Amino acid sequence: MLSGALTLMVSLSLFLPFRHKDVQPTQPTLYPSPQKVWLHDPPRPLGKLIYLRHTTGSVTTVGYFSTLLKQQTLGSIEIQVHAANQRPQGKPDTEFYLIRPNEAGENLQEFFTPFLGAETWGQIPEEGFLIVSGLQDYENFVFLVSKSERGFRYASQAVVDLMLRLGDRFHLPRGFVLDYPDFGKRGVIEAFSGPQWSESSRLDVIRFMARMRMNTYIYAPAGDEHINAKWFEPYPEEHRKRLGTLVNVAEENRVEFVFGVRPGPMIRYARVEDCNLLCDKYRTAVEMGVTHFALIFDQTVQELGHAEDKNTYRSLAEAHADLANKVLAFLRQQFQGAELIVCPASANQSAPSPYHIVLGSNLDPAISLFWMGGVDPTGTWDNYQIRASDAKRMKSAVNRPLFVWDNFPSNELARNRLHMGPVSGRSPELSTEVLGFVANPMNEAMASTVPLATIADFLWNSFDYSSEVSFRRACNWVGGSLAGEDLHFFALQCQNSFLWNPASSEVSHQKEVLKMLQAVGQDALFDPTPLSDLWRQYQMVGDNLSWKLQDKGLYKEIEPYLQLLRLYGETGPVCIKLLQLASSRESASANRELWENFLLLSEKRNNSARFGRTIGGSSMSALIQEAFLSGIRALGAELPKVQANLEAYIDFTIDRALDNDRQTFFWSNRTLRDGDYVTLELPRASVVEKVEILQGEPSRPDDFVQQGVLEGSLDGLKWLQLASLAQPEETVRLEAKALSFLRIRCTADQDKRLLLREFRVYSGSPIEIAMKPTKLLAGSLASLVNGNLLDSCSLLSGLEKGTSLEIDLVQTKEISSILVYQDREKYYVGFRIESSADGQNWSSHSTDQGAVTQARFAPRKVRYVRVTATRDQRSPVKIHEIIFRSPKGKPETGAPTRER
């Protein structure tokens, strides 16, 4: 040993421990962030010959450390391994000593004590470690001290992370690092529903966890039916092999493998046969060497369902406790140190319920409970927080340790987005109240590594955790030095989860968009210049990551979002141009550029919807929507208005229920209550013939008004019930009722949210339209006067001079202008517009020819309008809308009309 070789030869004052945020050390390279570190320049070279010296308790780590050093130095140095008490010949350039505290001699204890500050030598945490490098008379020595093999592995990785390459030589900073985790058990629970991880992704995540000093992986995927719906069936051999591989890789990386089963509502708690079948499933994992287990009741019903259970137990909590106790007893028969964590039926409550109290009082004291914390009793996940105060109250009520199950960054409820932002809203004091902390990741395994890295950082050093700093470092670590900045920019666009804070300084570029939208809303001038770089980055980041990002699995997962971001980069300038044109005081309604940009935006808007994904935060969707609506208003058309007493979940805003796109939707941020409503206000009183309501979607089929009514009103005050609502898709046909308002109203509380895809109203109108002679290619003539600028009707090529569209407004109206909107390329080469009050005496109006045509005249009484071709035309014509404007500027159209 070294007990006589080393003596205390340095001043204690030199080694007072520092929090790393209190000093200005060499550029930090450790991630997760260290607890206490003091490094100073200049670093010392390692040289060409290195001795790795170990004590008895650290011998198992030497091979791991040696491999890391060889990989880091590309085999450019010679490494020799010796026991600490050996005296090999030769003089190495650097000696690494791996020492356990209980194997250190008296002099060593005296040497290391100053680095521990107030802590004593024996109080280094189990997974903690101490590194002392090149100090004063011990310049050629590097000491790694830890109690456990896992701690030595963390120390070994930290040494490699600290190494610098200067020219062709590798250097190590001088100083010390004292590091340890704040949370004991740290990791991942794979428990999400929807698309599941591949086996290779699971292995990659386990290796990633080890690298980020996470020590617990809970296997409970919803996609493994043999631990879910088919829990009572034996594991097929192929599945056993795959599970065995996971267990072995976890063991190799010193990650604790926890095997979870979710029996669901089919299990009969009182039946011995069911309990035995469940234990047989656990036996599968026991035979593979697993010693930690989970029993998950999160998918069970909230009350006893089987007659024999009702006759045996007084409550669901008693049944759950009894089954869990029997499972633990079985596991202890297999392995005395077996551990069991139970997930209750209601884990997502910040305050204990009677169920929790009964469950806690009946469970074996050794069983810990999962707890998700933070969910508001109303069911909303917005601003989802996990607080130490709530944990303390819950722990006291159930009288046992809690294991946090964090549902960030899971995106199983929002499969059209990535949650790649940093974790926030978790109390650092949680470490003193809970046994462990695991995060439920996204369905995209590799994309999950960015937020999971920030979670690992928080769990290791929670009191020094900074979400913004950790976020950038996570992107640099996952993306590497080449792709880190681009990955960070991309991940910024993907942080709009239930933890996303729009006021964060990390979304300053989105703030510019919101600032501009605010100016538009106040009818103020705005400067789009700051956004030019944003659009450019949107378009370039995908190309950059395609060659910079080494992890091709990660690139494959994010590629659809990168393509959407490129499309947004192309759409942004169009939005700005459209807003500028719409706010112009010049004749915007007849402006060809306005119409062309509106069509271009509509095309890109439709293309983005086809991706079925969302990116860029709420500001980008708000920009597109505002530009779209501004264009419609400036072009002389009108849309219904919609409002709800429900708030939107993230950016699933209410306007999405009116965008004529079945793929987009409004989604409420909470469950429905009696009296909740969505109201549609029509541009003017109309004769409503049909209402179509589309709710729910494949991933959320039950999110619809299951008990409700459709109501109508002329004044918005007195309401008439039109139909009962109980299905996700409803078509209500009315007997031509004149209405100005329609309302969907919930008539009972329900435990599901509202997902409203479309709320469409079909109004009968007295306007009649015909073509003489008929030459129709596609669409309906009625769509030309229905108020919807996106509908169109294509007329056949070979139109002859004199072919006309004849429109009967049915009643005489005062009109001052007529606008015809056509396709940018397929439009009438020549035509004239005529109007008449009686159908006998016609007035011809001068017009501008092209995609946008406007006939303006002094206000007059009009009932009939003709649009007549003035020359033969071979090319087809595509007309979107014909709008008749009154002197007050309002269109005189309805939707849809009748063809004559």
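Me: In which sense, parallel or antiparallel, do β28 and strand β29 pair?

Reply: This is a predicted model, in which local features need pLDDT of at least 70, side-chain atom pairs count only at pLDDT 80 or more, and totals for chains, interfaces and linings use all residues. Residues are numbered from 1 along each chain as its sequence is written, while side-chain values use heavy atoms and leave out hydrogens and water. Two strands pair if DSSP finds at least two bridges between them. Strand β28 and strand β29 (residues 842–845) are joined over 4 bridges, and the sense of the pairing is antiparallel.

Me: Which residue in β29 does isoleucine 833 stand opposite?

Reply: Strands here are DSSP runs of E with at least two residues, and helices are runs of H or I with at least four, both numbered from the N terminus. β28 and β29 form a hairpin with 5 residues between them, and glycine 839 in the turn has a positive phi of about 80°. Across this hairpin, the residue of β29 that faces isoleucine 833 is histidine 845.

Me: In β30, which residue is the bridge partner of phenylalanine 831?

Reply: Strand β28 (residues 831–836) is also joined by 6 bridges to strand β30 (residues 852–869), and these two strands run antiparallel. The partner of phenylalanine 831 in β30 is alanine 869.

Me: How many of the 6 residues of strand β28 are buried?

Reply: A residue counts as buried under 20% relative accessible area, as exposed over 50% and as partly exposed in between, with a 1.4 Å probe and protein chains only. Strand β28 is mostly covered by this measure, and the number of its 6 residues that are buried is 5.

Me: Which residue of β16 is the bridge partner of glycine 187?

Reply: In another part of the chain, 8 strands close into a barrel with parallel pairing, in the order β9-β10-β11-β12-β13-β14-β15-β16. From one strand to the next, the twist averages 25°. Strand β9 (residues 185–190) and strand β16 (residues 436–439) run parallel and are joined by 4 bridges. For glycine 187, the partner in β16 is valine 438.

Me: At about what angle does helix α4 run to β10?

Reply: Axes are lines fitted to C-alpha atoms, for helices over the stretch in contact, and angles between N-to-C directions run from 0 to 180 degrees. Helix α4 (residues 199–211) lies across β9 and β10 (216–219), and its angle to β10 is about 155°.

Me: Where is proline 409, which phenylalanine 408 precedes at a cis peptide bond?

Reply: The model has a cis peptide bond between aspartate 41 and proline 42, with omega of about -5°, and proline 42 has its place in strand β1 (residues 36–45). A cis bond also joins phenylalanine 408 and proline 409, where omega is about 15°. Proline 409 is found in the loop between β15 (402–406) and β16.

Me: Why does arginine 254 count as partly exposed?

Reply: Arginine 254 is not a glycine, yet it has a positive phi of about 55°, and it lies in the loop between α5 (237–252) and β11 (256–261). Arginine 254 counts as partly exposed because its relative accessibility is 25%.

Me: What is the relative accessible area of valine 810?

Reply: Valine 810, likewise not a glycine, has a positive phi of about 70° and has its place in strand β27 (residues 804–822). This residue is partly exposed, with a relative accessible area of 30%.

Me: How far away from cysteine 494 is the nearest cysteine sulfur?

Reply: A disulfide is a pair of cysteine sulfur atoms within 2.5 Å, and by this rule the count comes to 0. Cysteine 494 is in no disulfide, and the nearest cysteine sulfur, that of cysteine 475, lies at a distance of 9.9 Å.

Me: Over which residues does the pLDDT stay under 50 where the model has 13 contacts beyond four places in sequence?

Reply: pLDDT is the predictor's confidence in each residue, from 0 to 100, and the chain averages 85, with 88% of the residues scoring at least 70. Over residues 1–28 the pLDDT is below 50, although this stretch has 63 contacts beyond near neighbours in sequence. Contact means heavy atoms within 4.5 Å. The stretch with 13 such contacts comprises residues 376–381.

Me: What percentage of the 900 residues of the chain count as buried?

Reply: The chain has 17 helices and 32 strands. Among contacts between residues at least 6 apart in sequence, 77% join residues at least 24 apart. Of the 900 residues, the share that counts as buried is 57%.
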